[in-house]
Amino acid sequence: MIVKPPQKTEHLKQLEIMNERYLDIPSKTFDLFRRELSGYLGEKSLPYYVDLSNFTSRYDLYGLRLKDHNHHFQIDGLFLFPTFFLITEVKHLKGKLYLNESEQLIQNKDQEEKVYQHPLTQANLQKTQLQSLLTNLGYSNIPIHTLAIFTHDQAQLSFQHLDMIPVQQCPDRLQKLVSSYTERIYEMDQLLQLGKKLLTLHQERSISILEPKREILNNIRRGVFCPTCKPKAMRRTHGTWICSTCGHRDKNAHLDALCDFVYLFGFYINNKQARWFLLVDSLYTTSRILRKLEVETSGGTKFRVYNLKSLLRKYKR
Ligand SMILES: [Zn+2]
């Protein structure tokens with residue numbers, strides 16, 4: 001059973017929005033976006049293969065971010081079996097992958113080489129941190145196995161290792177692992193309890209919003225995007241948003257744009273900022289749009305500030 005499914009992190013959502021909203025995205029931000037996205041895609045592809053293995057007595061947690069002694073660590077996939085725990089480190093890398101003499105992972109893609117830490121070194125560090133946390137929770141005497149899984153279908157592995165495998169070999173490897181750990185240490189209800197406890201200890205990385213500096217503001221693609229033609233913006237006419245390219249109409253299309261605003265600039269918005277971001281000229285139209293949101297406000301009529309936090313509940317990304 002999945003206790004925590006693979007999900008986009010708040011950080012990835014923000015980077016995705018930045019990728020859409022920057023006119024000229026800073027290369028550092030773009031690299032980070034690509035990295036976070038590929039991590040998510042890898043994690044997302046895992047449950048299918050894990051489920052093929054048919055071991056239903058386990059609890060799965062994807063993308064856990066935990067804290068041990070002031071250090072955060074993230075586990076791509078944690079699987080709680082009654083006989084052992086499994087930490088998986090997911091690598092969604094394409095191209096030729098090999099290990100050099102110093103045991104670093106090298107990715108050779110389009111004649112370019114990139115260096116990564118040995119995936120099992122990474123996973124073993126997570127293991128040490130998890131062990132210390134589990135000891136504090138009273139779950140100390142269970143073996144923890146580490147496995148690196150390569151999820152990209154264009155990954156070409158040039159090493160052979162039982163615990164560094166392409167995702168397709170995952171069901172088979174799980175089968176062997178389950179039969180090699182034979183001593184039952186925890187019952188399912190204890191594992192569920194632990195799974196739930198770990199879920200409460202999960203801490204999303206907090207995102208930092210953009211500084212409203214001129215060079216940043218001038219580099220932002222504003223407007224209410226048409227869902228089909230984005231980043232083409234829709235126009236507001238007679239109380240609805242219309243796309244002049246595909247004819248799509250949506251009265252509430254500004255809601256997603258306002259949620260984008262939150263990820264870029266934070267929860268609070270006033271009339272002037274909303275006009276700027278939504279590309280609406282009229283103060284009255286904007287005021288109507290904002291009042292209809294029925295969100296928490298502060299300040300008098302003229303300096304009213306709207307708190308958009310509650311909008312995020314319906315935001316799909
Ligand atoms: Zn359109």
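Me: Looking at the zinc ion first, what spacing do its donors follow along the chain?
Reply: The donors of the zinc ion follow the pattern C-x2-C-x13-C-x2-C along the chain, and I should say at once that this is a predicted model.

Me: Which atoms are those donors, and how far are they from the zinc ion?
Reply: The protein donors are the SG atoms of Cys 226, Cys 229, Cys 243 and Cys 246, which lie 2.2 to 2.3 Å from the zinc ion.

Me: And what geometry does the site have?
Reply: The site of the zinc ion is tetrahedral, with angles of 106 to 112° among its 4 donor atoms. For reference, the ideal angle for four tetrahedral donors is 109.5 degrees.

Me: Is Cys 226 buried or exposed?
Reply: Cys 226 has a relative accessible area of 0%, so it counts as buried, the cut-off for that class being under 20%.

Me: There's a proline close by in the numbering; what is the peptide bond from Lys 230 to Pro 231 like?
Reply: The bond from Lys 230 to Pro 231 is cis, with omega near 15°, and Pro 231 itself sits in the loop that runs between strand S11 (224–225) and strand S12 (233–237). As background, most peptide bonds are trans.

Me: Switching to helices, at what angle do H1 and H7 pack?
Reply: Helix H1 (residues 10–21) and helix H7 (residues 254–265) pack at an angle of about 110°, and their axes are 9 Å apart. That angle makes H1 roughly perpendicular to H7, because the class covers 65 to 115 degrees. The crossing of H1 and H7 is left-handed.

Me: Which residues meet there?
Reply: On the H1 side they are Glu 10, Lys 13, Gln 14, Ile 17, Met 18 and Arg 21, and in H7 they meet Ala 257, Asp 260, Tyr 263 and Leu 264.

Me: What about H8 and H9, how do their axes cross?
Reply: The axes of helix H8 (residues 271–278) and helix H9 (residues 283–292) cross at roughly 100° and come within 9 Å, and H8 and H9 are therefore roughly perpendicular to each other. The contact is made by Asn 271, Ala 274 and Arg 275 from H8, together with Leu 283, Thr 286, Ser 287 and Leu 290 from H9.

Me: Where is Leu 279, then?
Reply: Leu 279 is placed in the loop between H8 and H9, where it has a positive phi of about 60° although it is not a glycine. Its relative accessibility is 45%, so Leu 279 counts as partly exposed.

Me: And phi of Glu 294, what is that near?
Reply: Phi of Glu 294 is near 55°, again a positive value in a residue other than glycine. Glu 294 is found in the loop between H9 and strand S16 (297–298), and Glu 294 is exposed, with a relative accessible area of 72%.

Me: Different spot: where is Thr 56?
Reply: Thr 56 lies in the loop between helix H2 (27–52) and strand S2 (59–68), and at 69% relative accessibility Thr 56 counts as exposed. Its C-alpha atom is separated by 9.3 Å from that of Phe 81, which is 25 residues apart from Thr 56 along the chain.

Me: Last, the whole protein: how many helices and strands are there?
Reply: The protein has 9 helices and 17 strands, and its C-alpha trace spans about 70 × 50 × 35 Å along the principal axes. Of its 317 residues, 44% count as buried.

Technical notes. Residues are numbered from 1 along each chain as its sequence is written. This is a predicted model: local features need pLDDT of at least 70, side-chain atom pairs count only at pLDDT 80 or more; totals for chains, interfaces and linings use all residues. Side-chain values use heavy atoms; hydrogens and water are left out. Donors are N, O and S atoms within 2.8 Å of the metal (3.2 Å for Na, K and Ca); water is not among the atoms, so sites may look incomplete. Four donors count as tetrahedral if all angles lie between 85 and 135 degrees; four count as square planar and six as octahedral if opposite donors are over 155 degrees apart and all others between 65 and 115; anything else is irregular. Buried means under 20% relative accessible area, exposed over 50%, partly exposed in between (1.4 Å probe, protein chains only). Axes are lines fitted to C-alpha atoms, for helices over the stretch in contact, and angles run from 0 to 180 degrees between N-to-C directions. Helices (H or I, at least four residues) and strands (E, at least two) are DSSP runs, numbered from the N terminus. Angles under 35 degrees count as roughly parallel, over 145 as roughly antiparallel, 65 to 115 as roughly perpendicular and the rest as oblique. A crossing is left-handed if the near helix is turned anticlockwise from the far one by less than a right angle, and right-handed if clockwise. Contact means heavy atoms within 4.5 Å.
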